[in-house]
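I opened this notebook to keep track of what I looked up, one topic at a time.

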Amino acid sequence: MIGKRPGSPSKPSGATFQDSRRTSSKKPAPPVKRKPPPNRLRSEPAPRKSAASAEISRVKASTRFRAWRRHHAAMAADSLQRLLTAPFASLMTWAVIAIALSLPVALYIFLNNAQLVSSNWDGSAQISLYLEAQVDDQGGRDLMQELQLRDDIAETRYLSKEQTLAEFKEFSGFGEALNYLDDNPLPAVIIVRPSISGIEAQQALVDQLDRLPQVEEAQLDLAWVKRLFHIMELGQRMITALGLLLGIAVLLVVGNTIRLAIENRRQEIVVIKLIGATNAFVRRPFLYTGIWYGLGGGILAWILINLSLFWLDGPVRSLASAYASDFSLIGLNFRDSLLLLFSATLLGWLGAWLAVSRHLGAIEPR
Amino acid sequence: MIQFTNVFKRYENGHEALQNVNFTLQEGEMAFLTGHSGAGKSTLLKLIMRMEVATRGQVMIDGLHLSQLGKRHIPFLRRKIGVVFQDHQLLFDRSVYDNVALPLIIEGMDPKDIAKRVRAALDKVGLLSKEQFTPIMLSGGEQQRVGIARAVVNKPPILLADEPTGNLDPKLSAEIMQLFRQFNAVGVTVLIASHDLNLIGRMGQRMLALTEGSITHDGAPR
């Protein structure tokens with residue numbers, strides 16, 4: 001923080017100055033006894049603002065902004081350097097963050113793929129229109145052709161009363177028993193395959209068809225679609241909950257790590273507060289530490305996820321080809337990857353912020 | 001520059017550290033603050049640095065009412081005050097140069113100017129040749145001089161010192177005092193807390209004596 005990283009030789013930027021110093025320092029004249037040049041330390045009267053203002057602006061605003069940027073850059077570099085000087089400890093923290101992040105992300109990818117697979121089945125949703133008993137064969141066929149022309153219907157199929165009876169005989173297992181019926185109790189049926197997807201839209205279509213005069217009842221074969229939909233929704237909620245929990249876990253991990261870092265540098269914080277460091281100045285290195293923890297964890301999570309995907313891709317391909325499908329796993333695209341890194345960094349920064357606001361205030365010079 | 005008006009300080013445990021303290025230190029003045037340990041010297045210095053707040057009365061530093069000073073402004077008050085601590089308060093994980101540069105970095109000075117100012121300050125205390133040392137490699141007197149260099153490097157109008165010669169032998173103490181006198185000579189207001197009455201007597205400066213939280217003497221050393 002504040003100045004230099006530990007153990008590194010300090011490099012004041014006036015390099016040429018340094019050489020001249022080396023030669024001059026050989027002269028053993030102890031400057032303590034020497035009479036100082038007049039006004040050496042206070043050569044010009046420091047221009048101060050009016051007494052009402054507490055700030056001394058001896059530094060111009062533009063210079064201050066440059067200094068602020070410089071300190072940001074220095075602290076970013078310094079805090080990263082500090083993490084890298086203890087690679088094992090940092091790697092542990094990064095790994096914890098990465099695991100916590102990759103779990104919900106992996107589930108998200110799984111769900112994405114599941115949705116992709118299920119969307120291929122979406123077309124198989126069917127609507128059965130049971131026609132009124134008085135609608136004759138011709139009427140039924142006319143209606144079928146009429147429906148065929150609609151945009152929201154992909155395909156229609158007409159089953160006359162006789163055909164439905166035959167199907168029923170075949171599938172119901174009542175077979176012979178039905179022969180004893182005097183007349184055919186079954187209605188004619190038009191099977192409709194909608195070209196639109198989405199449960200709501202399909203349900204609306206069903207309601208529309210149900211109101212047709214020739215139709216006694218329209219039924220959407222929804223059961224499995226609904227089930228799948230609910231499972232997906234459940235999955236999504238679980239991922240959200242898990243993501244929230246693990247996000248909080250990341251916050252706590254980073255927060256606790258930063259708390260330890262603050263504790264380690266307690267003395268330093270006290271000293272620089274005593275010599276006029278603002279809270280922002282004290283906070284800065286710790287916030288950067290949090291950012292590095294988050295970003296590092298995010299990168300590691302990204303690597304973990306892509307390694308697992310690579311590892312799973314082979315089996316998934318062979319499984320898909322067994323079902324005569326060319327499906328393969330969809331991983332994280334560029335946007336998802338950026339989002340992952342960004343949220344990881346944000347979590348790290350937030351965790352650091354929590355720790356800093358909680359613990360830095362308590363460290364005041366006494 | 002420093003003005004105390006009817007200042008009382010009572011700590012939360014009920015200890016009355018200061019009772020009705022009144023004194024004024026003009027700009028460019030130099031004074032010693034003396035008294036037994038527990039007489040309130042440290043409390044008085046802490047009030048000036050706004051490490052503590054007066055329970056009653058008014059502390060004014062360079063025209064600022066400290067009781068009305070917002071938390072946000074405290075750092076800027078402290079930048080006006082160079083402080084030399086008895087235990088130096090140096091950072092041992094970095095070089096002498098970096099220790100002295102701290103106030104300038106905090107103030108946001110340009111690195112080039114920082115190098116010049118740090119070397120000027122180190123030259124002043126005679127430690128220019130040791131700028132790359134870490135404080136741990138220095139003797140007690142040298143560490144104290146690093147502390148002084150850090151206190152004056154940003155040319156503060158006020159210099160406070162809390163027992164700056166507490167652990168030093170008489171010869172080193174005299175050297176340190178000589179340094180303070182030099183800073184005073186260029187216009188810095190200097191207030192030094194010390195219980196070394198011999199030394200104070202030899203310096204011949206104004207002396208404020210604290211006894212159980214009250215000022216019992218203000219003037220030439222007794």
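Entry 1, the annotated stretch of chain B. I began with residues 2-222 of chain B, where the chain is 34% helix and 26% strand, and where the end C-alpha atoms lie 23 Å apart. I kept in mind that this is a predicted model. I then turned to the record, and found that UniProt, in an unreviewed entry, lists residues 2-222 of chain B under "domain: ABC transporter".

Entry 2, a helix pair in chain A. I looked up helix α2 (residues 61-85) of chain A and helix α9 (residues 279-322) of chain A, and I noted that their axes come within 8 Å and cross at roughly 55°. Because that angle is neither under 35 degrees nor in the range from 65 to 115, I wrote down that α2(A) and α9(A) are oblique to each other. I also recorded that the crossing of α2(A) and α9(A) is right-handed. On the side of α2(A), the contact is made by A:His71, A:His72, A:Met75, A:Ala76, A:Asp78, A:Ser79, A:Leu80 and A:Leu83, while α9(A) contributes A:Arg284, A:Pro285, A:Tyr288, A:Thr289 and A:Trp292. Sorted by class, the contact of α2(A) with α9(A) has seven nonpolar, four polar and two charged residues.

Entry 3, α9(A) once more. How do α9(A) and helix α10 (residues 334-359) of chain A cross, and within what distance do their axes come? I found that the axes of α9(A) and α10(A) come within 7 Å and cross at roughly 145°, and that α9(A) passes α10(A) in a right-handed crossing. For the contact of α9(A) with α10(A), I noted 17 nonpolar residues, nine polar ones and one charged.

Definitions and conventions. Residues numbered from 1 in each chain as written. Chains lettered and ligands numbered in written order. Predicted model: local features only at pLDDT ≥ 70, side-chain atom pairs only at ≥ 80, totals over all residues. UniProt positions renumbered as here; feature names shortened; annotations may be inferred. Helix = DSSP H or I, 4+ residues; strand = E, 2+ residues; numbered from the N terminus. Axes fitted to C-alpha atoms, helices over the stretch in contact; angles between N-to-C directions. Parallel < 35°, antiparallel > 145°, perpendicular 65-115°, else oblique. Left-handed = near helix turned anticlockwise from the far one by under 90°. Contact = placed C-beta atoms within 7 Å. Nonpolar A, V, L, I, M, F, W, Y, C, P; charged D, E, K, R; others polar.
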